[in-house]
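Hi there,

Here is the structure I promised to pass on to you. My notes follow below it, so have a look at the model before you read on.

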Amino acid sequence: MKISTTNELIKRLESDQALVEKIRADPVEGVREIAKPLENDNWIYRIVVSSLGLVVVATVGGQIYLKANGNGAAGLEEGIVALASAAVGALAGLLAPVPRN
């Protein structure tokens with residue numbers, strides 16, 4: 001859960017006693033955990049990767065369907081290819097390892 005205001009922080013502290021204890025023990029690390037939700041929440045990546053994968057599979061299936069029936073417009077087919085290419089590129093960007101020095 002991303003926290004962007006002090007009121008949200010107060011509500012989170014009222015409902016999450018474990019977070020209160022973490023902040024008492026080490027305030028810097030406790031606040032750092034709140035400040036980086038994307039690094040701690042794997043579900044965000046799972047949802048994004050699943051959605052992009054679904055776009056790729058649906059566009060490839062749609063392309064095959066349009067070619068098999070022969071009733072697709074040329075512009076639509078090119079648009080589907082562009083959409084699938086963008087989704088594959090986004091997946092590659094998300095799944096590629098981050099270069100470290």
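To start with the vocabulary, helices are DSSP runs of H or I with at least four residues, strands are runs of E with at least two, and both are numbered from the N terminus. Please keep in mind that this is a predicted model, where local features need pLDDT of at least 70 and side-chain atom pairs count only at pLDDT 80 or more, while totals for chains, interfaces and linings use all residues. Residues are numbered from 1 along each chain as its sequence is written, and side-chain values use heavy atoms, with hydrogens and water left out.

**Overall picture**

The protein has six helices and zero strands, so from the N terminus the order reads α-α-α-α-α-α. Of its 101 residues, 16% count as buried, where buried means under 20% relative accessible area, exposed means over 50%, and partly exposed is in between (1.4 Å probe, protein chains only). The accessible surface comes to about 7,700 Å², calculated by the Shrake-Rupley method with a 1.4 Å probe; for residues, only the protein chains shown count as cover. Carbon and sulfur atoms hold 63% of that surface. Among contacts (heavy atoms within 4.5 Å) with a separation of 6 or more, 43% join residues 24 or more positions apart.

**How far to trust it**

The predictor's confidence in each residue is the pLDDT, from 0 to 100. The average for the protein is 77, and 82% of the residues score at least 70. Among the elements, α2 has the highest mean at 83, and helix α4 (residues 37-40) the lowest at 58. Where pLDDT is low, the predicted coordinates should not be read in detail.

**The N-terminal helices**

Leu-13 sits in helix α1 (residues 6-15) and is partly exposed, at 26% relative accessible area. Leaving aside residues up to four places away in sequence, Leu-13 touches Leu-19, Val-20 and Ile-23. The C-alpha atoms of Leu-13 and Ile-23 are 9.6 Å apart, with their positions 10 residues apart along the chain.

Which side chains meet in a salt bridge? They are Arg-24 and Glu-21, at 3.0 Å from N to O. The term stands for a side-chain nitrogen of Lys or Arg within 4 Å of a carboxyl oxygen of Asp or Glu, and by this rule the count comes to one. Both residues belong to helix α2 (residues 17-25), and because they are three residues apart there, about one helical turn separates them. Arg-24 is exposed at 61% relative accessibility, whereas Glu-21 is partly exposed at 40%.

**Helix α5**

The 28 residues of α5 reach 40 Å from first C-alpha to last, close to the expected 40 Å; that expected span is 1.5 Å times one less than the number of residues. Leu-52, Val-56, Thr-59, Gln-63 and Leu-66 are buried in α5. After this helix comes Gly-70, with a positive phi near 70°.

**A nonpolar patch**

Ile-44, Tyr-45, Val-48, Leu-94 and Leu-95 form a nonpolar patch on the surface, with about 400 Å² of accessible area together. Patches are made of residues with over 30% relative accessible area and no salt bridge; like charges are joined within 9 Å, and nonpolar side chains (Val, Leu, Ile, Met, Phe, Trp, Tyr) within 5 Å. Two elements, α5 (42-69) and α6, give two or more residues to this patch, and α5 supplies the largest share, three residues. Leu-94 lies in helix α6 and is partly exposed at 35% relative accessibility.

Ala-92 is also placed in helix α6 (residues 74-95), and it is partly exposed at 45%. Its C-alpha atom lies 9.8 Å from that of Val-49, 43 residues away along the chain.

Best wishes
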